[in-house]
Amino acid sequence: MKATKIVYSKKKAEDYSGEFLVTFVARDSEGVIVADKLITPMLKSLREFKEFTGKKDNSIHLYPGISQSKGLLQCKRLLLLGLGEIGEIADRYEMFEMLRGVGGTIAKECRRNKIETLGMYIPKIKGVDPAAVGENVVAGILLGAYQFLKYKKQDDDDAYPGLKKIEIFSAVASGKIRNGVTRGCNSALAACAARDMANEPGNMWTPTHFAQYAKKAARELDLQCTILEKSQMAKLGMGGIIAVNQGSTEPPKLVILEYNPEKSTETVLLVGKGLTFDSGGISLKPGPGMMDMKYDMCGGAAVLAAMETIAREKPAVKVVALIPSTDNMIGGGALKPGDVITHFGGITSEIENTDAEGRLILADALAYGIEKFQPDYVVDLATLTGAVIIALGHHYSGLMSNNDLLAERLIEAGKVSGEPLWRLPLGDMYAKQIKSQVADIKNTGGRPAGSITAAEYLHKFVGEVPWAHLDIAGTAWDFTEKSYIPKGPSGIGVRTLIELIRQWESD
Ligand code: BES
Ligand code: MN
Ligand code: ZN
């Protein structure tokens with residue numbers, strides 16, 4: 001995605017002579033439309049237009065040059081955007097979500113009218129930190145403006161080149177507001193970077209691409225990058241990654257990125273499933289919908305994109321990212337049901353279904369990451385089970401954890417980010433379902449509680465180390481419809497991880 005430039009201007013909004021000026025309108029407790037000083041002179045006549053209610057996401061365009069407001073404003077078009085009844089908003093999570101939603105609506109209006117530059121100010125909302133308002137509105141705009149055009153003809157008449165510039169009138173915008181806006185940009189652009197990776201088809205985004213992207217990021221952002229190649233992984237005994245890769249012609253990679261702050265007390269290990277295409281292997285998936293399995297790398301993409309922002313923001317906590325990556329293909333040498341493999345660290349596993357491959361590559365990465373980096377906390381993200389869609393639909397990601405503190409921090413970060421998590425239990429009774437007759441464990445636990453038995457598989461490799469597993473199979477794409485979440489990959493998890501690490505710093 002091409003970056004949108006953000007500039008601050010000391011000019012007054014009424015003097016902005018650009019294409020598109022955004023202003024905000026709300027409703028008070030009586031449902032009366034209230035607005036910023038800038039447009040109060042117009043409010044009386046506006047109230048006569050029934051189509052403008054000031055309700056959330058309700059909007060109208062005015063053309064000051066050809067209307068009554070001539071002389072008041074210099075812009076070519078004015079967007080009046082409803083914020084709804086601010087007083088009815090229950091808590092800050094709902095407030096942030098409303099603001100991102102408004103940002104997404106702005107982006108939609110720009111797309112509809114092919115607007116490439118816009119002017120806006122950060123609306124004042126009583127009781128809300130203006131930095132947080134700026135952060136969320138701007139994040140919503142950038143997330144909503146996302147498009148993936150790489151494989152489309154450039155000269156298409158309908159093409160919209162995208163939002164190039166946002167001018168923020170900041171006579172009132174203090175450094176604090178700018179910091180908020182920058183935070184919003186950093187998170188949104190990282191989510192868009194993850195969407196870009198996910199949108200790439202399986203033939204164009206292979207484990208090698210993950211490795212190249214990570215190496216480039218490391219060079220630019222002063223991270224340490226190590227790529228473990230197939231032969232090294234085989235030598236280390238990473239039987240899970242090697243097994244899943246057996247049917248493929250693409251070599252697997254284990255991408256490792258390290259962010260080392262100057263002083264640090266704790267280490268957080270992030271692990272993301274980077275399965276670049278999941279055919280199911282010999283336990284082949286049915287045809288319909290198989291193409292969506294190019295998205296099976298969304299956990300890896302989230303971790304990699306979040307890591308870039310972490311490197312930019314330099315929090316006071318060490319963060320290590322691991323992305324085990326391969327595709328899961330069929331072939332003469334492919335892994336078979338009934339095969340027994342040995343993971344890093346020695347645990348053996350009987351393969352009941354080659355389509356339960358995510359846990360195989362994550363198990364090696366988790367065991368290796370814990371031995372090598374001795375993390376205090378571990379978080380993994382994976383499009384791991386179809387079962388989580390049955391449990392939670394497309395609205396919550398599943399959270400499973402052996403540590404209440406980490407679980408709570410993640411739930412909080414998810415709420416702040418509009419990426420809600422719902423915790424599911426773990427327990428020995430579930431672990432029993434993955435007992436094998438011939439090996440230490442087997443890779444499926446039957447139909448009941450499929451997401452939890454998958455998590456219990458991972459649990460065997462983290463033991464007592466504080467760990468949380470996010471099953472994002474239902475939310476990595478087809479996520480809840482929102483103005484700032486386009487169709488296709490959502491970038492889920494990126495903003496939650498960034499928020500988690502930001503909060504870490506302030507503890
Ligand atoms: N990548 C899939 C999970 C998935 C399914 C993600 C649908 C998004 C949408 C995973 O590798 C998988 O195939 N899991 C199996 C496990 C089963 C064989 C125990 C599943 O969920 O069916
Ligand atoms: Mn699978
Ligand atoms: Zn998979």
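**Close-up 1. The manganese ion (ligand 2) and the spacing of its donors.** In this predicted model, the donors of the manganese ion (ligand 2) are spaced D-x76-D-x1-E along the chain. Asp278 (OD), Asp355 (O), Asp355 (OD) and Glu357 (OE) coordinate the ion. Their distances are 2.1 to 2.2 Å. Asp355 thus appears with both an O and an OD atom. The arrangement is irregular, because the 6 donor atoms subtend angles of 69 to 167°.

**Close-up 2. The zinc ion (ligand 3) and its octahedral site.** Four residues supply the protein donors: Lys273 (NZ), Asp278 (OD), Asp296 (OD) and Glu357 (OE). They lie 2.0 to 2.4 Å from the zinc ion (ligand 3). Along the chain, the spacing of these donors reads K-x4-D-x17-D-x60-E. Angles among the 6 donor atoms run from 78 to 176°, and the site is octahedral. Ideal octahedral angles for six donors are 90 or 180 degrees.

**Close-up 3. Asp278 between two metal ions.** Asp278 bridges the zinc ion (ligand 3) and the manganese ion (ligand 2). The two ions lie 3.1 Å apart. Asp278 (OD) is listed among the donors of the manganese ion (ligand 2), and Asp278 (OD) is also among those of the zinc ion (ligand 3). Glu357 (OE) likewise appears among the donors of the manganese ion (ligand 2) and of the zinc ion (ligand 3).

**Close-up 4. Packing of helix H3 with helix H4.** Helix H3 spans residues 130-144, and helix H4 spans residues 175-199. Their axes are 7 Å apart, at an angle of about 25°. That angle makes H3 roughly parallel to H4. The crossing is right-handed. From H3, the contact takes in Pro130, Ala131, Gly134, Glu135, Val138, Ala139, Leu142 and Leu143. The H4 side includes Lys176, Ile177, Gly180, Val181, Arg183 and Gly184. Also on the H4 side are Cys185, Ala188, Leu189, Ala191, Cys192 and Arg195. By class, this contact has 13 nonpolar, 3 polar and 4 charged residues.

**Close-up 5. Packing of helix H2 with H3.** Helix H2 covers residues 92-112. H2 and H3 pack at about 40°, with axes 7 Å apart. The two helices are therefore oblique to each other. H2 passes H3 in a right-handed crossing. H2 brings Phe96, Leu99, Arg100, Gly103, Gly104, Ile106, Ala107 and Arg111 to the contact. These meet Ala132, Val133, Asn136, Val137, Gly140, Ile141 and Gly144 of H3. The contact of H2 with H3 divides into 8 nonpolar, 5 polar and 2 charged residues.

**Close-up 6. Packing of helix H9 with helix H13.** Helix H9 runs over residues 358-373, and helix H13 over residues 450-462. Their axes come within 8 Å and cross at roughly 25°. H9 and H13 are therefore roughly parallel to each other. The crossing of H9 past H13 is right-handed. In H9, the contact residues are Arg359, Leu360, Leu362, Ala363, Leu366, Ala367 and Ile370. Opposite them in H13 are Ala454, Tyr457, Leu458, Phe461 and Val462. The contact of H9 with H13 has 11 nonpolar residues, no polar ones and 1 charged.

How values were computed: Residues are numbered from 1 along each chain as its sequence is written. Chains are lettered from A and ligands numbered from 1 in the order in which they are written. This is a predicted model: local features need pLDDT of at least 70, side-chain atom pairs count only at pLDDT 80 or more; totals for chains, interfaces and linings use all residues. Side-chain values use heavy atoms; hydrogens and water are left out. Axes are lines fitted to C-alpha atoms, for helices over the stretch in contact, and angles run from 0 to 180 degrees between N-to-C directions. Helices (H or I, at least four residues) and strands (E, at least two) are DSSP runs, numbered from the N terminus. Angles under 35 degrees count as roughly parallel, over 145 as roughly antiparallel, 65 to 115 as roughly perpendicular and the rest as oblique. A crossing is left-handed if the near helix is turned anticlockwise from the far one by less than a right angle, and right-handed if clockwise. Contact means heavy atoms within 4.5 Å. Ala, Val, Leu, Ile, Met, Phe, Trp, Tyr, Cys and Pro count as nonpolar, Asp, Glu, Lys and Arg as charged, and the others, Gly among them, as polar. Donors are N, O and S atoms within 2.8 Å of the metal (3.2 Å for Na, K and Ca); water is not among the atoms, so sites may look incomplete. Four donors count as tetrahedral if all angles lie between 85 and 135 degrees; four count as square planar and six as octahedral if opposite donors are over 155 degrees apart and all others between 65 and 115; anything else is irregular.
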